[in-house]
Amino acid sequence: TPLETTLRTIEQALRQGKIRYFGASNHSAAQLCEMLWLADKRDWSPVVSSQIPFSLMRREFQNDLDFCARHAIGVTPYQSLQGGVLTGKYRRGEKPPANSRAAEKPEWVGNIDDALFNRLAALEDLASIAGVGVSQYVLAWTLSQPAMTSLVVGAKRLEQVQDALGALEIEIPSEHRAKLDEIFPPPWKQADPIRG
């Protein structure tokens with residue numbers, strides 16, 4: 001379906017009062033830019049939110065976040081804890097806990113090898129230095145990224161929801177940011193030839 005047809009249909013639903021706002025899921029900044037351009041060209045309502053997979057381990061949309069912030073597109077990421085890998089629940093040499101994502105659907109978690117366990121240990125050290133649990137630390141880091149407005153957190157138990165809410169009270173120390181980028185490198189970003 002051509003994008004213009006989709007956006008025209010969404011605009012009709014907006015004008016009929018069936019929806020108030022709309023967002024996109026798994027779209028790059030370039031695709032969101034095209035949506036904004038078409039909306040501006042046709043005097044339609046703009047896209048206001050973007051739902052993307054995003055975590056310390058999955059940062060391919062990292063360079064799109066500034067675009068979203070500049071254009072008032074709120075970002076709500078999913079997979080921020082990467083199927084539980086970034087919670088500290090998986091331990092080197094141990095079977096995944098019963099009822100964990102790795103036990104139920106190993107393909108959701110991927111290969112947790114020694115190199116990843118080393119990175120996870122370094123992450124746990126930083127969370128420990130900050131005096132917080134690794135899950136809260138990871139969620140706080142995610143929320144501190146440009147344009148982040150909320151998180152989709154897959155929880156099975158009430159305690160997990162309560163733990164996730166604790167991330168709202170945590171501030172990642174500035175000296176940790178460069179260390180996190182070393183442990184979980186962001187994608188390459190071309191330098192701006194004008195601004196450096």
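**Figure 1. Burial and overall layout of the chain.** In this predicted model, 36% of the 196 residues of the chain count as buried. The C-alpha trace spans about 55 × 45 × 30 Å along its principal axes. Nine helices and three strands make up the list of elements, and if you walk along from the N terminus you meet them in the order α-β-α-β-α-β-α-α-α-α-α-α. Among contacts in the chain with a separation of 6 or more, 73% join residues 24 or more positions apart.

**Figure 2. Helices H1 and H2 where they pack.** Here we zoom in on helix H1, residues 3-15, and helix H2, residues 29-42. A general reminder for this view: two packed helices are described by the angle between their axes and the distance between the axes. For H1 and H2, the angle is about 60 degrees and the axes are 11 Å apart. The two helices are therefore oblique to each other, and their crossing is right-handed. On the H1 side, look for Leu 3, Glu 4 and Leu 7; on the H2 side, Glu 34, Met 35, Leu 38 and Arg 42 complete the contact. Sorted by class, this contact of H1 with H2 holds four nonpolar and three charged residues, with no polar ones.

**Figure 3. Phe 54 and Trp 141, a stacked aromatic pair.** The count of aromatic pairs comes to one, and this close-up shows Phe 54 with Trp 141. A pair of aromatic rings is described by the distance of the centres and the angle of the planes. In this pair the rings sit 5.7 Å centre to centre, with 5 degrees between the planes, and the arrangement is stacked. Phe 54 belongs to the loop between strand E2 (49-51) and helix H3 (65-70), while Trp 141 belongs to helix H7 (residues 134-143), so the pair ties together parts that are 87 residues apart in sequence. Both Phe 54 and Trp 141 are buried.

**Figure 4. Ser 50 and the residues around it.** Ser 50 has its place in strand E2. With a relative accessible area of 2%, Ser 50 is buried; the cut-off for that label is under 20%. Which residues is Ser 50 in contact with, leaving aside its neighbours within four places in sequence? They are Ala 24, His 27, Leu 32, Ile 73, Gly 74, Val 75 and Thr 76. One of these contacts, Leu 32, falls in helix H2, which covers residues 29-42, so you can look back to Figure 2 for that helix.

Technical notes:
Residues are numbered from 1 along each chain as its sequence is written. This is a predicted model: local features need pLDDT of at least 70, side-chain atom pairs count only at pLDDT 80 or more; totals for chains, interfaces and linings use all residues. Side-chain values use heavy atoms; hydrogens and water are left out. Axes are lines fitted to C-alpha atoms, for helices over the stretch in contact, and angles run from 0 to 180 degrees between N-to-C directions. Helices (H or I, at least four residues) and strands (E, at least two) are DSSP runs, numbered from the N terminus. Angles under 35 degrees count as roughly parallel, over 145 as roughly antiparallel, 65 to 115 as roughly perpendicular and the rest as oblique. A crossing is left-handed if the near helix is turned anticlockwise from the far one by less than a right angle, and right-handed if clockwise. Contact means heavy atoms within 4.5 Å. Ala, Val, Leu, Ile, Met, Phe, Trp, Tyr, Cys and Pro count as nonpolar, Asp, Glu, Lys and Arg as charged, and the others, Gly among them, as polar. Rings of Phe, Tyr and Trp (its six-membered ring) pair if their centres lie within 6.5 Å; planes under 30 degrees apart count as stacked, over 60 as edge-to-face and the rest as tilted. Buried means under 20% relative accessible area, exposed over 50%, partly exposed in between (1.4 Å probe, protein chains only).
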